[in-house]
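I am opening a fresh page for this protein. My plan is to go from the overall fold to the core, then the strand pairs, then the odd backbone angles.

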Amino acid sequence: MSETHTHSLNRRVREILLAGALLSLAIFLVARSPSFLPLPTETFTLKEAPNSLRRLDEFPTHTPSDIHLQSYIVPPTQSDFYRTIIDNNLFRPLGWTPPRPVEPYRLLGTILPRDGHTPPQAILQATATNKTHIVTIGDKLNADTKVVEIQSKQVRLEAAGQQKTLHLKRGFLRRR
C-alpha cells in the first residue's frame, strides 16, 4: 500500500471513531435530561385476572381425586425442578439402578390343617439372620411385625400399621 492510501485509511478510521464517540455522548446527554421523556403522571393498579393461577392451599377442600386434578393448575415449585437432578444423579455410573429393598422375611411354606382344631401355620425365614420361624395367626416376629392372616401360599404381616403380603416363590430355583 502506498503512503497516501494508508494515510487516507487512518483518517477514515479516526472519523468513524469520532462520530461514534459523539453519538454516544449525545445519547447520554439526552437520556440524562429530565425534559426529554416526561414521566407518566397517572398511576395504575393491577388487579388479579379471573383466570390467573392460584396456589393449591387457596382452593377449597375437595376429595383427593379432585386435588390431584387441580395440582396441574398450580405452577411447579422450585423443588420440583430439582427432583430431576436428585433422581438422575450426574455423578453415578451409567446404567446405575437403585438397589431393590430387601424384604425382612421370606415365606418358605404354609401348613393348612384339614380339621378345625389346629390353627394354620407358616414357615418364615428372616433374611438378615437366616433364622426360621414357625408362626400362627397373632404371633409376633419382632416388636413391630405381627402375623395377621395365613392362606395357601401367602401370609399377611402387619408392621407399623401397614400390611404386607408375602407370597410363596414359584419355580425350581429360589431368587435371592
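**Entry 1: the fold.** I counted 3 helices and 6 strands. This is a predicted model, so I kept local features to residues with pLDDT of at least 70. I read the order along the sequence as α-α-α-β-β-β-β-β-β.

**Entry 2: totals.** I looked up burial for the 176 residues of the protein, and 13% are buried. The exposed surface comes to about 15,900 Å². Carbon and sulfur atoms supply 59% of that area. I then took the contacts with a separation of 6 or more. Residues 24 or more positions apart account for 25% of them.

**Entry 3: the core.** Which residues make up the largest nonpolar core? I found 12 residues: Tyr105, Leu107, Ala122, Leu124, Ala126, Val135, Leu141, Val147, Ile150, Val155, Leu157 and Leu166. Strands E1 (105–111), E2 (121–126), E4 (145–151) and E5 (154–159) each give two or more residues to this core. E2 has the largest share of the core, with 3 residues. The general background is that nonpolar side chains tend to be buried together in soluble globular proteins.

**Entry 4: one core residue.** I picked Val135 and left aside its neighbours within four places in sequence. Val135 is in contact with Pro120, Gln121, Ala122, Leu124, Leu141, Val147 and Ile150. Five of these contacts I can also find in the core list: Ala122, Leu124, Leu141, Val147 and Ile150.

**Entry 5: strand pairs.** I went through the pairings in sequence order. E1 and E2 run antiparallel and are joined by 6 bridges. In this pair I noted Arg106 opposite Gln125 in E2. E2 also pairs with strand E3 (residues 132–136), antiparallel again, over 5 bridges. Here Gln121 stands opposite Thr136 in E3. E5 and strand E6 (residues 162–167) are antiparallel too, with 6 bridges. Arg156 stands opposite Thr165 in E6.

**Entry 6: hairpins.** How many residues lie between the strands in the hairpin of E2 and E3? I found 5 residues there, and Asn130 takes a positive phi near 60°. The hairpin of E5 and E6 has 2 residues between its strands. Its turn holds Ala160, with a positive phi of about 55°.

**Entry 7: positive phi.** I kept the rule of thumb in mind: most residues other than glycine have a negative phi. Ala160 is not a glycine, yet its phi is positive. I placed Ala160 in the loop between E5 and E6. Is Ala160 buried or exposed? Ala160 counts as exposed because its relative accessibility is 70%, and the cut-off for exposed is over 50%.

Lys153 is another non-glycine residue with a positive phi, near 65°. I found Lys153 in the loop between E4 and E5. Its relative accessible area is 46%, so Lys153 is partly exposed.

**Entry 8: rings.** I searched the whole structure for aromatic pairs and got 0. I then looked for a charge over a ring. Arg92 lies over the face of Trp96. The distance from the ring centre is 3.9 Å.

**Entry 9: recap.** I am keeping three items for the next session. One is the core of 12 residues, with 3 of them from E2. Another is the pair of loop residues with positive phi, Lys153 and Ala160. The last is Arg92 over Trp96.

How values were computed: Residues are numbered from 1 along each chain as its sequence is written. This is a predicted model: local features need pLDDT of at least 70, side-chain atom pairs count only at pLDDT 80 or more; totals for chains, interfaces and linings use all residues. Side-chain values use heavy atoms; hydrogens and water are left out. A nonpolar core is a set of buried Ala, Val, Leu, Ile, Met, Phe, Trp, Tyr and Cys residues joined through side-chain atoms within 4.5 Å. Buried means under 20% relative accessible area, exposed over 50%, partly exposed in between (1.4 Å probe, protein chains only). Helices (H or I, at least four residues) and strands (E, at least two) are DSSP runs, numbered from the N terminus. Contact means heavy atoms within 4.5 Å. Accessible areas come from the Shrake-Rupley method with a 1.4 Å probe; for residues, only the protein chains shown count as cover. Two strands pair if DSSP finds at least two bridges between them. Rings of Phe, Tyr and Trp (its six-membered ring) pair if their centres lie within 6.5 Å; planes under 30 degrees apart count as stacked, over 60 as edge-to-face and the rest as tilted. A charge sits over a ring if NZ of Lys or CZ of Arg is within 6 Å of the ring centre and within 35 degrees of the ring normal.
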